[in-house]
Amino acid sequence: MITQPLLRDGYMNLAIGQASSAMSPQEFLIEPLIRYETAVMVRRRHPREACRSIHDLLDQDWLLNYAADGRDGLMQEVFWKHGAQIDERRIVVAHSVMMSQMLVEQADMCTWIPKVLTMVQPFVDRTVLLELDEVFAPRDLSLIARRNGPLGSAALCFIDCLTYAINRRYRSGKIEDRRIFETVELLK
């Protein structure tokens, strides 16, 4: 996780993201908020849009997002546990949503992402999730803070506002909100 050293050193009070397996529960407070499904995504009308197995995509270029300590876990989840071996020279690592969107659409790259991203801009109507035979484990989006570091009033207010907004949208009658929450499970 890129933010782990910043949290540890006190430069950040709070992070929202996926907790790394390297994060010790004695050092960090990890409070899961949302569990989300993941899938392989390509641009709409990608030449491999009809593929049904990760094995049919191993000759494609991939865009993945992981921190250095998360590489093996991601490779295990997406490829190795399915018996798939990819030439890692085919993988580009990017941490920007806009960079991801551009590379998926303009360079015909495959990516593995939370399904919910395909329900929002810039991905909605421009990308598709592949219906692969392989099943990927859900992930948790968590609030992460130092266990021994008190959260300030701004961080506590942010957490309250965030959970309020998530719960409000979860109960919304809007079709866009319902589609989003079909791909996630509230944990808090």
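What share of the contacts in the protein with a separation of 6 or more comes from residues 24 or more positions apart? In this predicted model, such residues account for 77% of those contacts, and the tour below begins with the whole chain before turning to single residues.

**Whole chain.** Select all C-alpha atoms and orient the view along the principal axes, where they fill a box of roughly 50 × 40 × 25 Å. The radius of gyration is 18 Å, which agrees with the value near 16 Å that a compact globule of 188 residues would have. Switch to a cartoon and follow the chain from the N terminus, along which the elements run α-β-β-β-β-α-β-α-β-β-β-α-α-β, giving 5 helices and 9 strands.

**Surface and charges.** With a surface drawn, the accessible area comes to about 10,600 Å², and 52% of it belongs to carbon and sulfur atoms. Colouring by charge brings up 23 positive and 25 negative charges, whose mean positions are 5 Å apart. Colouring by burial instead marks 42% of the 188 residues as buried.

**The largest nonpolar core.** In soluble globular proteins, nonpolar side chains tend to be buried together. Next select Val40, Ile54, Leu57, Trp62, Leu64, Val78 and Phe79, the residues with the most contacts inside the largest nonpolar core, which has 22 residues. Strand E3 (38–43), strand E4 (62–64), helix H2 (71–78) and strand E6 (110–114) each supply at least two residues of this core, and H2 gives the most, with 3 residues. Centre the view on Val78 and show its neighbours: leaving aside residues up to four places away in sequence, Val78 touches Ile54, Trp62, Trp112 and Phe136.

**A separate core.** Apart from the largest core lies another, of 13 residues, and selecting Ile34, Ala155, Ile166 and Phe181 will show some of its members.

**Two backbone positions.** Most residues other than glycine have a negative phi. Select Asp108, in the loop between helix H3 (97–106) and E6, where phi is positive, at about 55°, although the residue is not a glycine. Asp108 is partly exposed, its relative accessible area being 25%. Then move to Asp125, in the loop between E6 and strand E7 (127–129); Asp125 also is not a glycine and has a positive phi, of about 65°. Is Asp125 buried or exposed? Asp125 has a relative accessible area of 61% and is therefore exposed, the cut-off for that label being over 50%.

Conventions: Residues are numbered from 1 along each chain as its sequence is written. This is a predicted model: local features need pLDDT of at least 70, side-chain atom pairs count only at pLDDT 80 or more; totals for chains, interfaces and linings use all residues. Side-chain values use heavy atoms; hydrogens and water are left out. A nonpolar core is a set of buried Ala, Val, Leu, Ile, Met, Phe, Trp, Tyr and Cys residues joined through side-chain atoms within 4.5 Å. Buried means under 20% relative accessible area, exposed over 50%, partly exposed in between (1.4 Å probe, protein chains only). Helices (H or I, at least four residues) and strands (E, at least two) are DSSP runs, numbered from the N terminus. Contact means heavy atoms within 4.5 Å. The radius of gyration is taken over C-alpha atoms; the globule rule is 2.2 Å times the number of residues to the power 0.38. Accessible areas come from the Shrake-Rupley method with a 1.4 Å probe; for residues, only the protein chains shown count as cover. Lys and Arg count as positive and Asp and Glu as negative; His and the chain ends are not counted. The place of a charge is taken as NZ of Lys, CZ of Arg, CG of Asp or CD of Glu.
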